[in-house]
Amino acid sequence: MADRLLAIDTATSRAVLAIGEVADGTLVAVEAWPGGHAHAETILPRLSALLSASDVVLADIVGVAVGIGPGTFTGLRVGLATAKTLAHGLRRPIVGLGTAEALAAAAGLQRRATVILPAGPRDRYVVTPLDAGVGARLLAPSAFEAWLAEASPETATLVAVDLDDASIPDEAHQRGAAALDALGPALLRLGAAALAAGRSDDVAALVPAYVTLPRGVPASAGGAAWSPDLR
């Protein structure tokens with residue numbers, strides 16, 4: 001029996017499953033595919049196929065790492081529910097990881113990085129993982145244009161993910177594409193480090209890092225509470 005770590009992320013346009021060694025996150029196998037609107041239909045069959053191809057059984061999984069966003073509402077919910085169900089059913093520890101932090105690590109950036117993600121059709125999430133007290137910022141188009149005009153390469157390296165925006169430098173798009181390609185291994189490394197440090201999140205309390213209200217929920221409602229209930 002091998003001790004394996006399972007990593008899941010469904011926050012971006014590409015759903016990712018990765019299996020690695022729990023000791024250090026060394027990659028064993030990875031599967032990535034366009035998430036689209038079919039996360040619920042594809043994630044479990046993809047996981048089953050990945051386990052089989054890697055000669056890994058569920059009993060080998062001794063920890064679960066899951067990206068918690070920010071990202072797409074439906075994708076995040078499905079990925080996190082899957083991760084939580086597996087952790088609960090297998091009685092294994094789970095760690096939630098910021099997807100932007102994992103993308104920055106996947107881009108190979110050791111210094112300050114700012115990850116830019118789509119927030120709906122026009123708005124943008126701007127996340128600087130090293131700024132622990134800031135969190136993800138939601139910027140409307142005009143605010144994002146102003147922020148981008150003031151962004152300095154000396155203080156932030158931009159990583160643009162899932163964006164077709166000519167106002168963002170080409171280098172940022174290139175870093176974003178590379179980060180998506182390497183997201184699975186990055187999640188494994190971060191997850192293994194978190195588990196090695198003794199971290200284990202409460203499976204009942206772990207929720208997506210939503211920044212905005214979902215479509216159809218009016219701002220006048222005063223916010224929304226994200227139920228951790230898997231039903």
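**Group meeting: a first look at the structure**

Leaving aside its neighbours within four places in sequence, H173 is in contact with A160, L163, D165 and I168. I begin with this residue as a way into the structure, and I should state at once that the model is predicted.

H173 belongs to helix α5, which runs over residues 170-181. One of its contact partners, L163, also appears in a polar pairing: a polar atom of the H173 side chain is 3.4 Å from the backbone oxygen of L163.

Allow me now to step back to the whole protein. It comprises six helices and nine strands. Of its 231 residues, 44% count as buried. As for the contacts with a separation of 6 or more, 62% of them are accounted for by residues 24 or more positions apart.

I turn next to helix α6, residues 183-196. Does its span agree with its number of residues, or disagree? At 1.5 Å a residue, the 14 residues should span 20 Å, and the end C-alpha atoms are indeed 20 Å apart, so the two agree. Is this helix largely enclosed or largely open? Ten of its 14 residues are buried, and α6 is therefore largely enclosed by the rest of the structure. The buried residues are L183, G184, P185, A186, L187, L188, G191, A192, A194 and L195. After α6 comes G198, which has a positive phi, near 90°.

Helix α2 covers residues 73-90, and T82 lies within it. Is T82 buried or exposed? The relative accessible area of T82 is 12%, and since the cut-off for buried is under 20%, T82 counts as buried. Apart from neighbours within four places in sequence, T82 is in contact with I8, I43 and L44.

The loops on either side of α2 deserve attention. Most residues other than glycine have a negative phi, and most peptide bonds are trans. Against that background, the peptide bond joining G69 and P70 is cis, with omega about 10°. P70 sits in the loop between β4 (61-67) and α2. On the other side, the loop between α2 and β5 (94-97) holds R91. R91 is a residue other than glycine, yet its phi is positive, near 55°. With a relative accessibility of 75%, R91 counts as exposed, because the cut-off for exposed is over 50%.

D162 has a comparable entry in the list of backbone features: it is not a glycine, but its phi is positive, about 60°. D162 is found in the loop between β9 (157-160) and α5, and α5 is the helix that holds H173. Is D162 buried, exposed or partly exposed? At 30% relative accessibility, D162 counts as partly exposed.

Finally, I come to the second largest pocket. Its volume is about 220 Å³. Which residues line the second largest pocket? They are I68, G69, P70, G98, A100, E101, V127, P129, A136 and A209. Both residues of the cis peptide bond, G69 and P70, are therefore part of this lining. By class, the lining residues divide into seven nonpolar, two polar and one charged.

To close, I would ask you to retain two points. Helix α6 is largely enclosed by the rest of the structure, and the second largest pocket has G69 and P70 among its lining residues.

How values were computed:
Residues numbered from 1 in each chain as written. Predicted model: local features only at pLDDT ≥ 70, side-chain atom pairs only at ≥ 80, totals over all residues. Heavy atoms only, no water. Helix = DSSP H or I, 4+ residues; strand = E, 2+ residues; numbered from the N terminus. Expected span 1.5 Å × (residues − 1). Buried < 20%, exposed > 50% of the residue type's maximum accessible area, 1.4 Å probe, protein only. 1 Å grid on protein atoms, 1.4 Å probe; cavity = no way out; pocket = protein on both sides within 12 Å on 5 of 7 lines; lining within 4 Å. Points joined across faces, edges and corners; volume = space filled by probe spheres on them. Nonpolar A, V, L, I, M, F, W, Y, C, P; charged D, E, K, R; others polar. Polar contact = N/O pair within 3.5 Å; in protein donor to acceptor, adjacent residues only side chain to side chain. Contact = heavy atoms within 4.5 Å.
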